[in-house]
Every structure is written in structure tokens, then in C-alpha cells.
Amino acid sequence: CKRTVLEKVLILKPRLDVMFKKGPVPQERGPIEPIRVHWEKFVDKLAFNEESKGNNVHVLELPNWQFTPELIDAIQPTKTYIPHKQAHQFPVPECYGPRYYMQMVFPWLFQIGKQGWGPDASVWPIRPEEGHPDVYPTLAQRNIKGESKFPQPGRDKAFDHKGYVFFPCQIPHDETIRFHSNVSVAEALTETIDYCKERDIELIIKGHPVNPGSMTELREIGKDYLWADDVNINTLLHQCSVCVMVNSGVGMEAILHGKPVVVHGDSDYASVVYNVSAELPFSTCMDCAMADRPDLVRYRDFINTYHDTMFDSR
């Protein structure tokens, strides 16, 4: 590795009209999904910030799966921004200044870290602190209006259930499951069903809206329970007693609804929820959560702290 005197910044920008995973790459550009527009804004703002420091900035756009460590080695930057990857997946020599970036549950926020995002970020676990800008009311209002990271049905549908356990499903092969949990979504759902059955508690399940086809095994496991795919996730969170998941971003939205959260795996919000572990088994976490009234001040401080550690692309 050779270092230059000036900062030579390389920003890898994924082409946003094609899949991030390996797939076809048409010559003509297609439309960009609304949730991916934030990636465009992130790269533009990041490039502007680096140029404002006097750095020499090069934005390289390719389909995400075409980026390689060898490509970076050929360019030899002093700082490199790498999308949708972590250091253990995409190792880059320190002399190239790797920074790994990822879109978070609030889609205009991106996390940048030298080792990765979420539990691989140096700031993890993020703990609630006082004194950060108060974004909690604005984010809570967004949920009240029915907004979420992914498209949802309107909140006008009547839904009479209350006081149930809510299990939002994740895509089973998602990287946050593969890298940040030793429990699968199927195992977590099975354990939740067993708990609710034993205590005669209503359980409501919602499939992931982005990849319905990946829900086949989970639907079989939960075939005897109500699947509320046609109900806005904010309605389901508002009317539940406890939300259970495997480190899903829905946990952040449950916090905004002031609900107790029980989570498998390592989550962004681990410091303020019930984390299942060998020392604190699932049934104990659930018993505590069912009897809990969360500390809303601590919730608010956490959301504000979390938001302030991220890169705002707006």
C-alpha cells in the first residue's frame, strides 16, 4: 500500500436500478425504488462533505456485486466508502481507509463504520444519553401517520384485537440474521408460539412485505395463528402488549410506540430492550416484558442518541 500526501477519497456507489446481489445488468437505466433514492442522496451529500474539506473525491458507480477489494487496490485511495458490506465480508487494507456504510431503519439515515454497521459498528451498543437533538416526537408522529421503512397498508382498516403478542417476520436469509443472530426467524417464531400457547395469550404475526415468497416456512409454522399482512404495522404495534423479533428494525418502531420489546440476536437497540441469552432465557424475558411498563424517558433518550450517531442524507 502506498499513501499519498493528499486525501484521495473513493466512494463506491451501487447502481440503484438493479439488484444489490448478483443479477442481470441491463444497459438502459430503469426506475429507482423510492427507498433507494436515499442512497443517491447519501452519496451526493457525502461527496460534497469530503470535497468541502479539500479532498479529491472520486465516485465510482457499478452494480453492488461488481465491487471488489482488487478494484480498490488498483485505485489506491486513502479513504474508501464501501456500501452494504462489513469488514469480515469485504476486507480492505487499512492504508485505503475503509469505511463501510449501510442504510438504517429510518431510511434517510446511514451508519458509517470502520468495521461495519449495527453490532459491528464501533459505537455499538448505543446507549441512551441526554442532550441530543430531540427527534423523538417527529419520528413518533411519522409512525402515528402509518409510515414505515417499507410500504404499508393504510391505517384506516378496523382492527379489533388488543393486548396480544406481535411477531413481525423477517426475511430468513437477511444479513442481519446471518451475521448478528445465532437464532433463526423460524426458531424464534416457534419459541414465541410455544410461550403463547402455554399461557393462552393471543399471538398475531405479520409477514415481511418485501419478499412474501420467503415466508413459506414461517407460514407453515404459524398456520394456526392470525397473519395480519393487510394491517399497517403501526396499528399492530400500537395495539399489542409485547413485540418479539430477531433484531428487526421493527424494534425501533416498537420503541417509538412505547412498547416492551423482546429480541433475539444483537440489535441496534440492545441497550433498552429485553435481550434473550443463555443467562436470560426467552420465557423470563417474556414474563418480564408482559408485566413491564417501559421507561419512556429512556426510550426517548435512546432514539435521540441513535439518530445523532448516524449520517443524515437529507
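**Exercise 1. Find which residues I303 touches, leaving out those up to four places away in sequence.**

Step 1. Use the contact rule: heavy atoms within 4.5 Å.
Step 2. Apply it to I303. I303 touches V135, Y136, L139, M252, I255 and L256.
Step 3. Place I303 in its core. A nonpolar core is a set of buried Ala, Val, Leu, Ile, Met, Phe, Trp, Tyr and Cys residues joined through side-chain atoms within 4.5 Å. Buried means under 20% relative accessible area, exposed over 50%, and partly exposed in between, with a 1.4 Å probe and protein chains only. The largest nonpolar core has 53 residues. F106, I255, Y269, F302, I303 and Y306 touch the most other members.
Step 4. Look for another core. A second, separate core has 26 residues, including V165, C169, V185 and V262. In soluble globular proteins, nonpolar side chains tend to be buried together.

A note on the model: it is predicted, so local features need pLDDT of at least 70 and side-chain atom pairs count only at pLDDT 80 or more, while totals for chains, interfaces and linings use all residues. Residues are numbered from 1 along each chain as its sequence is written, and side-chain values use heavy atoms, with hydrogens and water left out.

**Exercise 2. Describe helix α10 and state what covers its buried residues.**

Step 1. Locate the helix. Helices (H or I, at least four residues) and strands (E, at least two) are DSSP runs, numbered from the N terminus. Helix α10 covers residues 296–308.
Step 2. Check its span. The expected span of a helix is 1.5 Å times one less than its number of residues. α10 has 13 residues and reaches 18 Å from its first C-alpha to its last, close to the 18 Å expected.
Step 3. List its buried residues. These are Y299, D301, F302, I303, N304, T305, Y306 and H307.
Step 4. Name the cover. It includes β5, α3 (136–144), α8 (250–256), β10 and β12.
Step 5. Inspect D308, which is found in α10. D308 is partly exposed, with a relative accessible area of 42%. Leaving aside neighbours within four places in sequence, D308 is in contact with H132 and P133. The C-alpha atoms of D308 and L109 are separated by 9.7 Å, although the two residues are 199 apart along the chain.

**Exercise 3. Trace the sheet that holds β1 and find its edge strands.**

Step 1. Give the order. The open sheet of six strands runs β2-β1-β3-β4-β5-β12, with mixed pairing. Two strands pair if DSSP finds at least two bridges between them.
Step 2. Find the edges. They are β2 and β12 (311–312), and each pairs on one side only.
Step 3. Examine β1 (residues 8–14). Six of its seven residues are buried. β1 pairs with β2 (residues 56–62) in the parallel sense over seven bridges. L10 has H58 in β2 as its bridge partner.
Step 4. Follow the chain from β1 to β2. It passes through helix α1 (residues 37–52), and this β-α-β crossover is right-handed. Right-handed means that, with the strands pointing away from the viewer, the path from the first strand over the helix to the second runs clockwise.
Step 5. Turn to β3 (residues 79–83). β3 is parallel to β1, with three bridges. K79 in β3 is the bridge partner of V9.
Step 6. Go on to β4 (residues 98–103). β3 and β4 pair in the parallel sense over four bridges. Y81 stands opposite R99 in β4.

**Exercise 4. Work out the other open sheet and the helices on it.**

Step 1. Give the order. Six strands line up as β8-β7-β6-β9-β10-β11, with parallel pairing.
Step 2. Find the edges. β8 (226–227) and β11 (274–275) each have a single partner strand, so one side of each is left without a neighbour in the sheet.
Step 3. Look at one edge pairing. Two bridges join β10 (residues 261–264) to β11. V262 stands opposite Y274 in β11.
Step 4. Add α5 (residues 185–199). Helix α5 packs on the sheet, touching β6 (164–168), β7 (203–206), β9 (240–246) and β10. Its direction makes about 170 degrees with that of β6. Axes are lines fitted to C-alpha atoms, for helices over the stretch in contact, and angles run from 0 to 180 degrees between N-to-C directions.
Step 5. Add α9 (residues 282–290). Helix α9 lies across β6, β9, β10 and β11, at about 150 degrees to β9.
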